[in-house]
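Biologist: Could you take me through one part of this model up close, and then show me how the rest looks around it? I'd like one connected account rather than a list.

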Amino acid sequence: MENNKDIAVGLDIGTTKIVVMVGKKNEHGKLEIIGMGKAKSQGVSRGVVSNITQTINSISEAVAQAESQCGMKIQDVTVGIAGQHIRSLQHSDYITRTNYEEVIGPEDVKRLVNQVHKLSMMPGEEIIHVLPQEFKIDSQSDVREPIGMYGRRLEANFHVVVGQISSIKNIARCIKSAGLNLTGITLEPIASSVASLSMEEKEAGVALIDIGGGTTDIAIFKDNVIRHTAVIPFGGNIITEDVKEGCSIIERQAELLKTKFGSAWPGENKETEIVSIAGLRGREPKEISLKKLSQIIHARIEEVLQQAYLEMKNYGCDEQKKKLIAGIVMTGGGSKLKHIRQLTEFVTGMDVRIGYSNEHLAGGQSEELANPEYATGIGLLMKALEKLEDDKTIGGTFENLQNKEKVTQINPTGLLEEPVNVPTTQEVLQEMEISPEVEAVKEEVGKKRSKSFLNHWSEKFIQMLKEEE
């Protein structure tokens, strides 16, 4: 995006659709969507690329739509990753500090995170995200923010997200072949949570269930920290497949039946409620009972919800310490299914709401954008804008250092005694190593960085992908 440095792009490569969101933040910090593109996803199965050419074509189609709306060329994108190859694990690690007489700084935390990133994974797997949870300093446990404290031993619990490197490289290749530059990677349930969950919910304890076309993504938060993530390889498409088989109709008709007349609660339909489906090539119309339709949908969606609830129980949501006070928030296209909220409450025994993105969007925009099916796209755009702000903060800090250097070379009369040699960024960095004055700025930048672990590892991961090309 050469014309406007305040604009960012989120790219959601889903199983059923590919969505491109172009936007910026207004003066109140709300999102202004200036362009959106949507294309039917071809070549993606359960969140994993299965046909490179078809996926490239679908991405290009969605990008072209977004470009025509926003009137500018799209270059840099932040993409979401999901799929059945994603798994997560908990890990504890520690470092011993030799300079324990000094306070813990961002470099110490970064060294600890780096150590976790060197964990041995199964063949073909790569660590995508390393997310710190609680820290422990010497004998003091449950430390939220270790920076600025004293201690010799720094320990932490981490949530580590792992994925198949080949699947991620395939996505990277599709993006590159579509003429785009990959600048950020975010796990899709994390992106959806950014758009759908409030800070109060994350603090109280909440589970996000994102029912997409090919996968159901889960993210659990407690005390404002992500505690558990999972990807279930079932979504809305498997329900459509069941309707297609159960009613002996084609896929397009099954999808329409599901979205227009389907319900997750069969008790709501009477035996006498019938819908007529046009026959193929002059054949007799087919009559389908809405009760039978709802029974087919109910059986499958209940199975998906049971799997999601099992993941929540694996985290320990029924324990008092890990109790999710805010219950469940549902997003994704599957959450638009009629009576799904009631069924989820019945299966889990927890409070449930459908997640909309209204609170993040500026007024006067299409209501469609706040729909749960666009939560991942909105979240990816928000992550892209967050990265943009991080880069600006650090870039601005270096610029201020350079300006400060210029001022010191001007005499009291305001006239230059000799031509000014503006230092390079490298020289400024070298200066930072020895100047106590600049060290304060360096620490401030470090703190900003420490709050953006996702961005840090996204950059490192993308660099690794480029090196392997």
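Modeller: Let's start with β17 and β18: strand β17 (residues 328–331) runs parallel to β18, and three bridges join the two. If you want a spot to zoom in on, V329 stands opposite R353 in β18. Keep in mind that this is a predicted model.

Now widen the view a little. The pair belongs to an open sheet of five strands, in the order β14-β13-β12-β17-β18, and the pairing is mixed. At the edges stand β14 (225–232) and β18, each with a single partner strand, so one side of each has no neighbour in the sheet. Neighbouring strands here are turned by 20° against each other on average, if you ignore direction. As for what holds such an arrangement together, strands of a sheet pair through backbone hydrogen bonds, either parallel or antiparallel.

Follow the chain on from β18 (352–354) and you enter the loop that leads to α10 (375–407), where you'll find S357. Don't let the word loop fool you: S357 is buried, with a relative accessible area of 0%. Setting aside neighbours within four places in sequence, S357 is in contact with A195, A370, A375 and I378.

For a contrast in pairing, jump back to strand β1 (residues 8–13). Six bridges join β1 to strand β2 (residues 17–25), and these two run antiparallel. The link between β1 and β2 is a hairpin through three residues. β1 also has two bridges to strand β6 (residues 76–81), this time running parallel. L11 is a handy marker for both pairings: L11 stands opposite V20 in β2 and opposite V79 in β6.

How enclosed is β1? Six of its six residues are buried, so the strand is largely enclosed by the rest of the structure. In a regular strand the side chains alternate between the two faces of the sheet. In β1 both faces are covered, with A8, G10 and D12 buried on one side and V9, L11 and I13 buried on the other.

Another strand residue to click on is H91, in strand β7 (residues 87–96). H91 counts as buried at a relative accessible area of 19%, given that the cut-off is under 20%. Leaving out residues up to four places away in sequence, H91 touches V116, L119, A156, N157, F158 and V160. Take V160 from that group: V160 is 69 residues away from H91 along the chain, yet their C-alpha atoms are separated by 7.1 Å.

Helices next. The axes of α6 (residues 236–247) and α8 (residues 290–315) come within 9 Å and cross at roughly 140°. That makes α6 oblique to α8, and the crossing is right-handed. On the α6 side the contact is made by I238, I239, D242, V243, G246 and C247, and on the α8 side by K292, L293, I296, I297, R300 and I301. By character, the residues of this contact divide into eight nonpolar, one polar and three charged.

Finally, zoom all the way out. The chain's secondary structure comes to 13 helices and 18 strands, and 52% of its 469 residues count as buried. Among contacts between residues at least 6 apart in sequence, 67% join residues at least 24 apart.

Definitions and conventions: Residues are numbered from 1 along each chain as its sequence is written. This is a predicted model: local features need pLDDT of at least 70, side-chain atom pairs count only at pLDDT 80 or more; totals for chains, interfaces and linings use all residues. Side-chain values use heavy atoms; hydrogens and water are left out. Buried means under 20% relative accessible area, exposed over 50%, partly exposed in between (1.4 Å probe, protein chains only). Helices (H or I, at least four residues) and strands (E, at least two) are DSSP runs, numbered from the N terminus. Two strands pair if DSSP finds at least two bridges between them. Contact means heavy atoms within 4.5 Å. Axes are lines fitted to C-alpha atoms, for helices over the stretch in contact, and angles run from 0 to 180 degrees between N-to-C directions. Angles under 35 degrees count as roughly parallel, over 145 as roughly antiparallel, 65 to 115 as roughly perpendicular and the rest as oblique. A crossing is left-handed if the near helix is turned anticlockwise from the far one by less than a right angle, and right-handed if clockwise. Ala, Val, Leu, Ile, Met, Phe, Trp, Tyr, Cys and Pro count as nonpolar, Asp, Glu, Lys and Arg as charged, and the others, Gly among them, as polar.
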